[in-house]
Amino acid sequence: MTEAAKEKAFRVHLMVCAGTGCVSNHSFEIKEALEKEIKKLGLDNEVLVVTTGCNGFCERGPLLVVQPGNIFYQQLTVKDVPHLVEEHLLKGRPVKKLMYTPPKEKTPIPVLSDIDFFRKQVLIALRNRGLIDPEKIDEYIARDGYVAMGKALTQMTPEKIIAEITISGLRGRGGAGFPTGLKWQMVRNAVSANGGAKYLICNGDEGDPGAFMDRSILEADPHSVIEGMLIGAKAVGATQGFVYVRNEYPLAIKRMTIALEQARAYGLLGQDILGTGFDFDIKIVRGAGAFVCGEETALIASVEGRLGEPRTRPPYPAQSGLWGQPTGINNVETWANVPSIIARGAKWYASIGTPTSKGTKVFSLVGKINNTGLVEVPMGITLREIIYDIGGGIPGGKAFKAVQTGGPSGGCIPKEQLDLPIDYESLTQAGSMMGSGGMVVMDEDTCMVDVARYFLSFTQDESCGKCTPCREGTKAMLDILTRITEGKGTEEDLSLLQDMALAVKDSALCGLGKTAPNPVLTTMRYFLNEYETHIRDKKCPAHVCRQLNVYTIDEERCLNKGKGCDLCRRNCASDAIQGAKNEAHRIDQSKCIKCGVCFDVCNFGAVKVD
Amino acid sequence: MPKLTLEELAKIREKTKRLTTIREGGEYRAKVCVHMGTCGIAAGARSIMNALMKELEERALGDVLLTNSGCAGLCSREPMATVEVAGQAPVKYVDLTEKKIKEIFEKHVLGGRIVTEYALGIGSEKTDF
Amino acid sequence: MNQGKVTEILTKYQADESALIAILQDIQEEYSYLPKSVLVQVSKELNVPLSRVLSLATFFKAFSLKPKGKHPVHVCLGTACHVRGAQRVLEKFERELGIKSGETSADQEFSLDAVRCVGCCGLAPVVQVGEEVHGKITQTKVAGVIKKYKQ
Ligand SMILES: Cc1cc2nc3c(=O)[nH]c(=O)nc-3n(C[C@H](O)[C@H](O)[C@H](O)COP(=O)(O)O)c2cc1C
Ligand code: FES
């Protein structure tokens, strides 16, 4: 875009979501199609196409929001574009059939803010989502970006900044919920070795599978993190910052790199920022793919170019971190909250949430749920509100079974606790934890023993191997769980599993090992009957544990409904299905490897699993 | 690029805000629809639209929707536009010029007073939104 | 092996040994794996023991000591993908490509790996081929995805 075009006003802005989810749904092709059509109709002087970061409602991508008016279009295809442009932009008639209609309802909802998925959300960390082009610093500035930094640099003392953050009640969003103000105070108080520098780190390793809020913030609003770090730098007296981003997030790395360059070009990073004499700069560091590197001491080791292994604390990084110097490390979402707190005041922030947990939390709502995506909600909201009001409930009329929070360190919360108001303490009491905010919803077709086994295989895989309880303990637990899911478990296995879990919890070196038993302990606490069924009846009620499944074909249904369509036989991985077109099919159990392909492909529900 | 001062930062903010306030969502204060059928365009509807866009930009308004519509069926009185202030009946203006639309914008869209001398009819049609 | 390319990477990081991980990442990107001879060169030029280079190269998942295929297929086995049936998708890939997870096809076209969460969980189960992410993949869609990349 030329300089002149940048200055120009447009009567309509088309906000195309270019978060990772929508990009994989071809949103860039939608963007190109929009631009082409707009040009064709001679509207290129009036209508601007803007690519934004993740809108949050990933399930319905690719997404487009038309402003002004906040008209929400979803599940677009390139084919829809000419009609949409002509109707809405040329003739002023929004296109109903491309709008969102809630499941089970008939009337589409045109305006984004009227849609339940968005209505209950309170946006602080995600305040700019869908509203700015993350690759244009001016658009961030227009949304009152860098106002808080200006205030912190010109009107506030470090003590005052720390006091604001402390009073706001902000706690770390990376998992443990450590009070951010307190951490900053520790870094400020710490004396650096040999008069060296103090450092800040933004932890964007986001290792929890099922969580993608940090990715979304880095992609949609990188300047909010930069501004947060600038404020933090003034507070603790740091001169150099690092943003550590997982290697798996190329788009986040790209957008953050651009944002850093633009901030530097404006002199918002570097020396003598805003002419105040304050110096601070930020470097980007790519992770190299190890879950344990999300742990702060391991992360620091890998920034230094060493093996990403954790070490015992204390000393905490606040006292001795990067290259032995005092280092403040916070999560991406934590940083993104900081500018709003400074701009709007600690009291405002503290008025949101529960007595122990202030503000909002971003959750990624995934798994067996209708409206998958990213949601930001006030602390204290109930699981039921998130899952049913925002998430739209469970697809396919299935029954809710549990929600998993806290990733591999967390646990599964059953339906009896759906009315739990969520904050750091309530989730811990339920045996789980806040973690980074992944919320994986599970329904009747999810096997809880398999889920426990899944997480153990994860932690076993990711254990750095430095301490014995974690390395050997998770392996032994995994062996038992695998046995149970294969129908080879015994009653003794249950007590053994419990004992091992408690032992590892007590003796592991870092958070990874200490929390690894949580998924096992919570599933045993709430779903013991499922373990027992696997052990006693050699059955998996959810039909997930492969070895325990028996696939059969309802021959009558196959012949009458499907006319022996033969699809299963052609897809069978092991030639275990007998029959031909127009004949009833049959499975030879001795050959069946239980891959489940026949069950997946049958369009007539003729394949049964027991 | 020289380093910014607080004042320069504020200037960038004001300037960009003017261009992006229309993204802020919320209720419309008013909707202005310029009739852009072939006849309307031939009669100068584009310049009416451009004049309106300029108003939006200069005043940094985020709650006025500018749209087009097809031919309004009264080709002899083009360019035409319909102004619909929230909660009031739409008013159709005819034989527009850039000067007239500026006046209408100021008096009707922002001030809520219909400019009767340019108006054709009141409440003759309702738009979708 | 193009020695010049490696020298270029080392120069970019001013042969700073604390940038060792970043250097290895660039090499991995350049060659799609870490060739032995290159690691030896890095160890010499940075003056760090080969054992240290190798310990990093084997610790981090981003590194591979074997060449990857032209189209690296990453099947996500993160939690969201797992509960939506990702394991079966992985197995279908294994059967369709005729290789196991962790292997590369004989013609070097495809390699198959299981990964933990690519951060696109809203569209689970997710498969990433090269830089391209494919969402809502079922066993029935696997053959179609592969076909897209076969010339
Ligand atoms: C095994 C393990 C993995 C972790 N992974 C992450 C992560 O991916 N992202 C993150 O922000 N914090 C992670 N943490 C927490 C960090 O150690 C650290 O507490 C956090 O970055 C501090 O920031 P906060 O106070 O803003 O939450 C992890 C901790 C452990 C024990
Ligand atoms: S769990 Fe598969 S993309 Fe996150």
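These are my notes on the chain contacts and the ligand 1 site in a predicted model.

**Entry 1: who touches whom**

I began with the chain pairs. Two pairs of chains touch, and the pair with the most contacts is A and C. Chains B and C stay out of contact, with 25 Å between their nearest C-alpha atoms. That left me two interfaces to go through, A with C and A with B.

**Entry 2: chain C against chain A**

How many residues does each chain put into this contact? I get 58 from chain A and 40 from chain C. The buried area comes to about 4000 Å² between the two chains, and carbon and sulfur atoms hold 52% of it.

Next I went for the charged pairs. The rule gives seven salt bridges across this interface. I looked up one of them, K136(C) with E59(A), where the side chains meet at 3.4 Å, N to O. For polar contacts I noted 26 residue pairs across the interface of chains C and A, with both residues at pLDDT 80 or more.

Which elements of chain C supply at least two residues each to the side that touches chain A? I wrote down four helices: α2 (20-31), α4 (50-59), α5 (79-83) and α6 (86-97). Sorted by class, that side of chain C has 12 charged, 11 polar and 17 nonpolar residues.

**Entry 3: chain A against chain B**

Here 35 residues of chain B meet 49 residues of chain A. I have about 3400 Å² buried between them, 58% of it on carbon and sulfur atoms. I also checked where chain A loses the most area to chain B: the residues are R11(A), P68(A) and Y266(A), and together they make up 18% of what that side buries.

The salt bridge count for A and B is four. I picked out E24(B) with R143(A), whose closest N and O atoms sit 2.5 Å apart. Polar contacts add up to 15 residue pairs across this interface, again with both residues at pLDDT 80 or more.

On the chain A side I listed the elements that each give at least two residues to the contact with chain B. The helices are α1 (3-7), α4 (81-90), α6 (137-142) and α7 (147-155), and the strands are β1 (12-17), β2 (47-52) and β7 (270-273). The largest share, four residues, comes from α6(A). By class I noted 24 nonpolar, 13 charged and 12 polar residues on this side of chain A.

**Entry 4: ligand 1**

Then I turned to the ligand. There are 18 residues around ligand 1, and those that come nearest are G174(A), K183(A), N330(A), N331(A) and T334(A).

Which atoms of ligand 1 pair up with polar protein atoms? On the oxygen side, I found a polar side-chain atom of T334(A) at 2.7 Å from a ligand oxygen. An N or O atom in the side chain of N331(A) is 2.8 Å from an oxygen atom of the ligand. On the nitrogen side, G294(A) uses its backbone: one of its N or O atoms lies 3.3 Å from a ligand nitrogen.

How much of ligand 1 does the protein cover? On its own the ligand has 610 Å² of accessible area, and the protein covers 89% of that. Two elements of chain A give two or more residues to the shell, namely β9 (327-331) and α21 (511-515). The largest share is three residues, and it belongs to β9(A). I closed the page with the classes: the shell has nine polar, six charged and three nonpolar residues.

Terms used. Residues numbered from 1 in each chain as written. Chains lettered and ligands numbered in written order. Predicted model: local features only at pLDDT ≥ 70, side-chain atom pairs only at ≥ 80, totals over all residues. Heavy atoms only, no water. Contact = heavy atoms within 4.5 Å. Buried area = accessible area lost by both parts, 1.4 Å probe. Polar contact = N/O pair within 3.5 Å; in protein donor to acceptor, adjacent residues only side chain to side chain. Nonpolar A, V, L, I, M, F, W, Y, C, P; charged D, E, K, R; others polar. Near = heavy atom within 4 Å. Areas by Shrake-Rupley, 256 points an atom, 1.4 Å probe, with all protein chains shown as cover.
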